[in-house]
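Work through the exercises below with the model open. Try each task before reading its solution.

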Amino acid sequence: MTHSYGLKKGTRSKFAKPFRGHGNISIRKTLQTFRRGDFVDILVDGAQHKGVPFQYYHGRTARVFNVNPRGIGVSLQRRVRGRYVEKRFHVRADHLRPSKCRQEFVKRVQENDKRKTEAKKNKKVISTKRQPVQPREATVVIPKQTTFQHPKAFVEII
């Protein structure tokens, strides 16, 4: 009889390590520092069997709310029927990596601050709001040579 039920059912491919990536956990993962408020990606490492989160959370982005010697407390919003519920649980640090979700936002904020200080020096008012991509300017296309697509009338030779 097959054993097709349980907490880790159907995770053979999901928790598998990548090609040529098998073996022990790298020391870099163990020595990674996490602080409260950091955004992290939950990615299960198949080599570490302890502190594994439930398979639903694999690939999700969460926020650190607690730091212990070996466990990191993370919280995220999970959709349950028609609403979002905050889920808080502890995961071993080997199953987390720092998220890059805020890099673009932080970079934009820093650039906007620079632009604001320059505008203040020049006594100008600027808008730092993002603008959607505008339609392209109208242009007239002038073809080099015109060719007609209509074929010549068929003439039957008797």
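**Exercise 1. Find the residue that follows α2 and check the helix length.**

Solution. Go to the end of α2. Lys123 follows this helix, and its phi is positive, near 55°. Helices here are DSSP runs of H or I with at least four residues, strands are runs of E with at least two, and both are numbered from the N terminus. Residues are numbered from 1 along each chain as its sequence is written, and the model is predicted, so local features need pLDDT of at least 70, side-chain atom pairs count only at pLDDT 80 or more, and totals for chains, interfaces and linings use all residues. Side-chain values use heavy atoms, with hydrogens and water left out.

Now take the length. Helix α2 covers residues 103-121, which is 19 residues. The expected span is 1.5 Å times one less than the number of residues. That gives 27 Å, and the end C-alpha atoms are 28 Å apart, which agrees.

**Exercise 2. Describe the largest nonpolar core and the surroundings of Ile42.**

Solution. Start with the definition. A nonpolar core joins buried Ala, Val, Leu, Ile, Met, Phe, Trp, Tyr and Cys residues through side-chain atoms within 4.5 Å. Buried means under 20% relative accessible area, exposed over 50%, and partly exposed in between (1.4 Å probe, protein chains only).

Next, list the members. The largest core has 13 residues; Val40, Ile42, Ile72, Val74, Phe89 and Leu96 touch the most other members. Two or more residues each come from β1 (39-42), β2 (61-67), β3 (71-80) and β4 (83-92). The largest share, three residues, is from β3.

Then pick Ile42. Leaving aside neighbours within four places in sequence, its contacts (heavy atoms within 4.5 Å) include Tyr57, Arg60, Val74, Phe89 and Leu96.

**Exercise 3. Is Arg60 buried, exposed or partly exposed, and what does Arg60 touch?**

Solution. Locate Arg60 in the loop between β1 and β2. Its relative accessible area is 35%, so Arg60 is partly exposed. Beyond residues up to four places away in sequence, Arg60 touches Val40, Asp41, Ile42 and Leu76. Finally, set Arg60 against Phe89: they are 29 residues apart along the chain, and their C-alpha atoms are separated by 13 Å.
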